[in-house]
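Please open the structure in a viewer and keep the selection panel at hand. The tour below proceeds one selection at a time.

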Amino acid sequence: GDTESMASSALADGQGIVLLDIALTDALLAEGAARDIVRMVQQARREKGLAVSDRIVLTLGLTAHQQAQVSQFEAYIASETLAQLISWVSDLEPTGELDGNPVHIGVDQVR
C-alpha cells in the first residue's frame, strides 16, 4: 500500500517492525459505526413501540466524516432496520452520541 496509510511500530524485543494498514482500520471503524447506528435505530424503533416487521423511514444526522464512513453501509443499515428510505439530514436536534459526536436518529413508521 502507499506509505500514507501505513503506520509502523517496533516490537518490544526489537525483533522486527509491525506494519498496520490504517486504511483497513478505517474500514473496520466504519463498519463498527454502521453497527452502532443499527443498534441505535433498533432502540429508537422499540421506544416508538414498533413491531419487528414494521417498515420505517429513517432520518440520520451524522457529522460529515461519519456520514462518509457509514454511507457505504447504507444497504446494510436499511436491511437490518427495515428502512425503506434513509434520509441524510443535518442541523436536526441530536438524539444521541456516536463515538463522542452528536447524532440524530429519526424513525417514522411507513404508513
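This tour moves from a helix to a sheet, then to the core and the charged pairs. Please keep in mind throughout that the model is predicted.

**First stop: helix H1**

Select residues 22-47, which form helix H1. H1 has 26 residues, and the distance from its first C-alpha to its last is 37 Å, close to the 38 Å expected at 1.5 Å a residue. Just after H1, select Gly-49, which takes a positive phi of about 75 degrees.

Now colour the buried residues of H1, which are Ala-30, Ala-33, Ala-34, Ile-37, Val-38, Met-40, Val-41, Ala-44 and Arg-45. What do the buried residues of H1 pack against? Their partners are E3, helix H2 (64-70), H3, strand E5 (96-98) and E6. A general rule helps in reading such a helix: an α-helix has 3.6 residues a turn, so residues three or four places apart point the same way.

**Second stop: the sheet**

Select the strands E4, E3, E6 and E5, which in that order make an open sheet of 4 strands with mixed pairing. E4 and E5 stand at the edges with a single partner strand each, so one side of each has no neighbour in the sheet. On average, neighbouring strands are turned by 35 degrees against each other, direction ignored.

Next, restrict the selection to strand E3, residues 56-61. Is E3 mostly covered or mostly uncovered? E3 is mostly covered, as 5 of its 6 residues are buried. E3 pairs with E4 in the parallel sense over 5 bridges, whereas E3 and E6 run antiparallel and are joined by 6 bridges. In general, strands of a sheet pair through backbone hydrogen bonds, either parallel or antiparallel.

Leu-60 is a useful residue on which to centre the view. Opposite Leu-60, in E4, stands Trp-88. In E6, the bridge partner of Leu-60 is Ile-105. Moving to Gly-61, one finds that its bridge partner in E6 is His-104.

**Third stop: helices against the sheet**

Display H1 together with the strands. H1 lies across E3, E5 and E6, and runs at about 50 degrees to E6. Then add H3, which packs on the sheet and touches E3 and E4. The direction of H3 makes about 135 degrees with that of E4.

**Fourth stop: the nonpolar core**

The next selection concerns the largest nonpolar core, which has 23 residues. Which residues have the most contacts inside this core? They are Ile-37, Leu-58, Ile-77 and Val-107. At least two residues of the core come from each of helix H1, strand E3, helix H3 (74-81), strand E4 (83-88) and strand E6 (101-109). H1 gives the most, with 8 residues. As a general matter, nonpolar side chains tend to be buried together in soluble globular proteins.

Centre the view on Ile-37. Apart from neighbours within four places in sequence, Ile-37 is in contact with Leu-60, Leu-62, Val-70, Ile-77, Leu-98 and Ile-105.

**Fifth stop: the charged pairs**

The structure holds 3 salt bridges. Side chains of opposite charge can pair when their charged atoms come close.

Begin with Glu-31 and Arg-35, whose side chains meet in a salt bridge at 2.5 Å, N to O. These two residues of helix H1 are 4 residues apart, which separates them by about one helical turn. Glu-31 is partly exposed, with a relative accessible area of 29%, and Arg-35 is also partly exposed, at 45% relative accessibility.

Continue to Asp-36 and Arg-39, which form a salt bridge at 3.0 Å, N to O. Both lie in helix H1, 3 residues apart, about one turn of the helix. Asp-36 counts as partly exposed at 22% relative accessibility.

Finally, select Asp-108 and Lys-48, whose side chains form a salt bridge at 3.5 Å, N to O. Why does this pair tie together parts that are 60 residues apart in sequence? The reason is that Asp-108 lies in strand E6, while Lys-48 lies in the loop between H1 and E3. Asp-108 is partly exposed, with a relative accessible area of 39%.

**Last stop: a loop residue**

Select Gln-72, in the loop between H2 and H3. Gln-72 counts as exposed, at 56% relative accessibility. Add Ala-34 to the selection: the C-alpha atoms of Gln-72 and Ala-34 are separated by 9.0 Å, although the two residues are 38 residues apart along the chain.

Methods: Residues are numbered from 1 along each chain as its sequence is written. This is a predicted model: local features need pLDDT of at least 70, side-chain atom pairs count only at pLDDT 80 or more; totals for chains, interfaces and linings use all residues. Side-chain values use heavy atoms; hydrogens and water are left out. A nonpolar core is a set of buried Ala, Val, Leu, Ile, Met, Phe, Trp, Tyr and Cys residues joined through side-chain atoms within 4.5 Å. Buried means under 20% relative accessible area, exposed over 50%, partly exposed in between (1.4 Å probe, protein chains only). Contact means heavy atoms within 4.5 Å. A salt bridge is a side-chain nitrogen of Lys or Arg within 4 Å of a carboxyl oxygen of Asp or Glu. The expected span of a helix is 1.5 Å times one less than its number of residues. Two strands pair if DSSP finds at least two bridges between them. Axes are lines fitted to C-alpha atoms, for helices over the stretch in contact, and angles run from 0 to 180 degrees between N-to-C directions.
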